[in-house]
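Subject: Structure handover

Hello,

Please find the structure below, with the findings after it.

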Amino acid sequence: MSCVKHIVFRGETEEFREFHRDGRPIFFTDNEEEAKSYGPNIIEAKLHVANMFEPGNLVARKNGDWDHGAKSGTDAAQSEAFLQALYSSYARDRAETIYYHVEGGSWSEVERPEIQVWLREAGYDGFICWEGDGTTFAVFDPAKVEVLQRTSSPTMK
């Protein structure tokens with residue numbers, strides 16, 4: 001995908017210091033108002049990523065087979081690799097169900113720990129999902145985040 005994302009935001013309940021995520025992804029949104037719902041202290045950043053997993057680029061599945069005509073902009077290689085990874089972790093019916101939900105944009109499925117392990121092993125910098133009023137970007141490596149500005153709540157000490 002692209003090397004640099006547009007400006008993104010993250011809301012924090014406490015004043016920002018450093019990202020310490022213990023291996024968990026760091027979430028941002030392209031909607032500043034959405035970020036404020038997570039905390040009054042806003043981090044404005046640029047994400048320097050080269051390879052984001054985008055569920056919207058997965059080829060649709062219909063009756064257990066590929067449905068290449070269902071939508072445009074799909075990535076057959078990414079879709080096949082992802083489905084094979086699911087097959088290696090789950091029974092076929094469960095793998096197909098998870099694939100269907102991820103392809104449909106379900107953020108809760110993409111956030112499964114075992115899926116995030118596969119994404120990292122497959123060389124992805126993070127993943128994109130859609131929730132609320134914006135696009136959510138989850139980045140695995142804090143070094144890929146360039147903090148541009150921090151806006152702290154005036155009530156914080």
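Which residues does Phe53 touch, not counting residues up to four places away in sequence? In this predicted model, the partners of Phe53 are Leu58, Gln78, Phe82, Val102, Trp118, Leu119, Tyr124, Gly126, Phe127 and Ile128. Several of these names return below, under the cores.

Overall layout

The protein chain has 157 residues, and 43% of them are buried. It has 5 helices and 9 strands, which follow one another along the sequence as β-β-α-β-β-β-β-α-α-α-α-β-β-β. Taken along the principal axes, the C-alpha atoms fill a box of roughly 55 × 30 × 25 Å. As for contacts between residues at least 6 apart in sequence, 65% of them join residues at least 24 apart.

Nonpolar cores

The largest nonpolar core contains 22 residues. Within this core, the residues that touch the most other members are Phe53, Phe82, Leu86, Val102, Leu119 and Phe127. Two or more residues each come from α2 (76–89), α3 (92–103), α5 (113–121) and β7 (126–131). Helix α2 gives the largest share of this core, 5 residues. There is also a second, separate core of 14 residues, and Phe16, Phe19, Ile26 and Met52 are among its members.

Three buried helix residues

Leu86 lies in helix α2. Its relative accessibility is 3%, so Leu86 counts as buried. Beyond the residues up to four places away in sequence, Leu86 touches Ala95, Ile98, Tyr99 and Ile115. For a sense of distance, the C-alpha atoms of Leu86 and Ala45 are separated by 32 Å, and these two residues are 41 residues apart along the chain.

Ala95, one of the residues that Leu86 touches, is in helix α3. Ala95 is buried, with a relative accessible area of 0%. Leaving aside neighbours within four places in sequence, Ala95 is in contact with Leu86, Tyr87 and Tyr90. The C-alpha atoms of Ala95 and Ala85 are separated by 8.8 Å, with the two positions 10 residues apart along the chain counted as their separation.

Gln116 belongs to helix α5. Gln116 has a relative accessible area of 10% and is buried, the cut-off for that label being under 20%. Not counting residues up to four places away in sequence, Gln116 touches Pro25, Val110, Glu111, Phe127 and Phe140. Of these, Phe127 also appears in the list of residues that Phe53 touches.

Salt bridges

Side chains of opposite charge can pair when their charged atoms come close. The structure holds 6 salt bridges, and three of them are described here.

- Glu12 and Arg10 meet through their side chains in a salt bridge (2.6 Å, N to O). Both of these residues are buried.
- Glu96 and Arg61 form a salt bridge between their side chains (2.5 Å, N to O). Glu96 is in helix α3 and Arg61 is in strand β5 (residues 60–62), so the pair ties together parts that are 35 residues apart in sequence. Glu96 and Arg61 are buried.
- Glu109 and Arg112 are joined by a side-chain salt bridge (2.6 Å, N to O). Glu109 is buried, as is Arg112. Through salt bridges that share partners, Glu109, Arg112 and Glu114 belong to one network.

The largest pocket

How many residues line the largest pocket, and which of them lie nearest its centre? The lining has 13 residues, with Arg10, Phe27, Phe28, Tyr38 and Thr136 nearest the centre. Arg10 is the residue that meets Glu12 in a salt bridge. About 270 Å³ of space lies in this pocket.

By class, the lining is made up of 5 nonpolar, 3 polar and 5 charged residues. At least two lining residues each are supplied by β1 (8–12), β2 (26–29) and α1 (32–36).

Regards

Conventions: Residues are numbered from 1 along each chain as its sequence is written. This is a predicted model: local features need pLDDT of at least 70, side-chain atom pairs count only at pLDDT 80 or more; totals for chains, interfaces and linings use all residues. Side-chain values use heavy atoms; hydrogens and water are left out. On a 1 Å grid over the protein atoms alone, a cavity is a set of points where a 1.4 Å probe fits but cannot get out, and a pocket is an open set with protein on both sides within 12 Å along at least five of seven lines; lining residues have an atom within 4 Å of a point. Grid points are joined across faces, edges and corners, and a volume is the space filled by probe spheres set on the points. Helices (H or I, at least four residues) and strands (E, at least two) are DSSP runs, numbered from the N terminus. Ala, Val, Leu, Ile, Met, Phe, Trp, Tyr, Cys and Pro count as nonpolar, Asp, Glu, Lys and Arg as charged, and the others, Gly among them, as polar. A nonpolar core is a set of buried Ala, Val, Leu, Ile, Met, Phe, Trp, Tyr and Cys residues joined through side-chain atoms within 4.5 Å. Buried means under 20% relative accessible area, exposed over 50%, partly exposed in between (1.4 Å probe, protein chains only). Contact means heavy atoms within 4.5 Å. A salt bridge is a side-chain nitrogen of Lys or Arg within 4 Å of a carboxyl oxygen of Asp or Glu.
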